[in-house]
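Here's an informal walk through a protein model, going sheet by sheet and helix by helix. Have the viewer open while you read.

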Amino acid sequence: MSTTLVVPGEQAMVALLGSRDELLRVIEAKLDSDIHVRGNEITITGAAADNATAVRLFEELLELIKHGQNLTADAVSRAYGILTTNTTETPAEVLSLNIVSRRGKNIRPKTLNQKHYVDAIDRNTITFGIGPAGTGKTYLAVAKAVQALMAKEVTRIILTRPAVEAGERLGFLPGTLFDKIDPYLRPLFDALHDMLDPDSLPRLMQAGTIEIAPLGYMRGRSLNDAFIILDEAQNTTAEQMKMFLTRLGFGSKVVVTGDVTQVDLPGGTHSGLRVVRDILGDVEDVHFANLTSKDVVRHRLVGEIVDAYERHDARTSAASERASKPRR
């Protein structure tokens, strides 16, 4: 069967196909139907179901263009992935959701799970974002914090991390306390620099509107009207996690992010992030969002590296179990 799709406007067609048909080649690689372009018409030939998928993909990509997005090969791949997932949400709904815009740069979720994570932050007082490196856990949480501050939903942002890698050696590092903890808090600074004017960030920090501090500084405080983010939460103990969560005050929102496969705690110490789901899993207004290697938005290899390590860990665990079983 053949289906013809008419694309309105030359500019839309150029944006859809990409420079030198770069995006068209990506689209063709994803689809089972044959694609032929002539003028502003796209002819799709194949089985009825395959053609329907192709038409939906082109329509969703055109919708993204209409929302002002510059299509990339990565965006095309992600749109196709969402389209072929069992969900009622469309690629345009997921990929055109703006959280923060600055100097023409829009910060948006790039995968279905990321959108669910962002939606969960809106709906719940406490949200846990758990997943491997590169899945946007911290970056999206900081974006939501900046959005809430700009909308005057909160009066301040508090960002914290445990400085576990330094341990007791922190006191022996040169410089002031700020100099010592800066390496551990740098990823949070980097995210804020992407979302705020560089000149305004020092002013907001000096006024206490934005506070970035190690986890130990949270003890004994009650944090009202704040958006609070605990990053690298896998490196908290169970006691530290309880201490942090009980800092929650009125009018505040908490996001906890971490990767349970990258715990840097000393041997024998249980990660607070690993046990908290068993403790709070049934508590209302607390949500656990899971991100996977499919949600990695860094270099393509990062997702493959995460998958490779997971396979290796599974093989190692299975081998250990076999070795521990007594022989008859």
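## Strand 3 and its sheet

Strand 3 has alternating side chains: Ile42 and Ile44 face one way and are buried, whereas Glu41, Thr43 and Thr45 face the other way and are not. Here, buried means under 20% relative accessible area, with exposed over 50% and partly exposed in between, using a 1.4 Å probe and protein chains only. Strands (E, at least two residues) and helices (H or I, at least four) are DSSP runs, numbered from the N terminus.

Before going further, a word on the ground rules. This is a predicted model, where local features need pLDDT of at least 70 and side-chain atom pairs count only at pLDDT 80 or more, while totals for chains, interfaces and linings use all residues. Residues are numbered from 1 along each chain as its sequence is written, and side-chain values use heavy atoms, with hydrogens and water left out.

Back to the sheet. Its 3 strands form an open sheet in the order 1-3-2, with antiparallel pairing; two strands pair if DSSP finds at least two bridges between them. Strand 1 (2–6) and strand 2 (34–38) are at the edges with a single partner strand each, so one side of each has no neighbour in the sheet. From one strand to the next, the twist averages 20°.

Strand 3 (residues 41–45) is joined to strand 2 by 5 bridges, and the two run antiparallel. Val37 has Ile42 in strand 3 as its bridge partner, and Helix 3 (residues 48–66) packs on the sheet, where it touches strand 1, strand 2 and strand 3. The direction of helix 3 makes about 155° with that of strand 3; angles like this run from 0 to 180 degrees between N-to-C directions, with axes fitted to C-alpha atoms (for helices, over the stretch in contact).

Another opposite pair is Ile35 and Ile44 of strand 3. The hairpin of strand 2 and strand 3 has 2 residues between the strands, and Gly39 takes a positive phi near 65° there. With strand 1, strand 3 again runs antiparallel, joined by 5 bridges, and Thr4 stands opposite Thr43.

## The buried strand 6

How many residues of strand 6 are buried? For strand 6 (residues 126–130) the count is 5 of the 5, so this strand is largely enclosed by the rest of the structure. Ile126, Phe128 and Ile130 point one way, Thr127 and Gly129 point the other way, and all are buried.

Strand 6 runs parallel to strand 10 (residues 253–258), with 5 bridges joining them, and Phe128 sits opposite Val256 of strand 10. Strand 6 also pairs with strand 11 (residues 286–290) in the parallel sense over 5 bridges. In that pairing, Ile130 stands opposite Asn290.

## Two helix pairs

Two packed helices are described by the angle between their axes and the distance between the axes. Here are two such pairs:

| Helix pair | Angle | Axis distance |
|---|---|---|
| Helix 10 (residues 238–245) and helix 11 (residues 272–280) | about 60° | 8 Å apart |
| Helix 2 (residues 22–30) and helix 4 (residues 73–83) | roughly 25° | within 9 Å |

Why is helix 2 called roughly parallel to helix 4? The axes cross at roughly 25°, and that makes helix 2 roughly parallel to helix 4: angles under 35 degrees count as roughly parallel, over 145 as roughly antiparallel, 65 to 115 as roughly perpendicular and the rest as oblique. Helix 2 passes helix 4 in a right-handed crossing, meaning that the near helix is turned clockwise from the far one by less than a right angle (anticlockwise would be left-handed). Leu23, Val26, Ile27 and Lys30 of helix 2 meet Ala73, Val76, Ser77 and Tyr80 of helix 4, where contact means heavy atoms within 4.5 Å.

Helix 10 also passes helix 11 in a right-handed crossing. Ala238, Met241 and Leu245 of helix 10 make this contact with Gly272, Leu273, Val275, Val276 and Leu280 of helix 11. By class, the residues come to 7 nonpolar, 1 polar and no charged, with Ala, Val, Leu, Ile, Met, Phe, Trp, Tyr, Cys and Pro counted as nonpolar, Asp, Glu, Lys and Arg as charged, and the others, Gly among them, as polar.

## The whole chain

Overall, the protein has 12 helices and 11 strands. Of its 328 residues, 46% count as buried.
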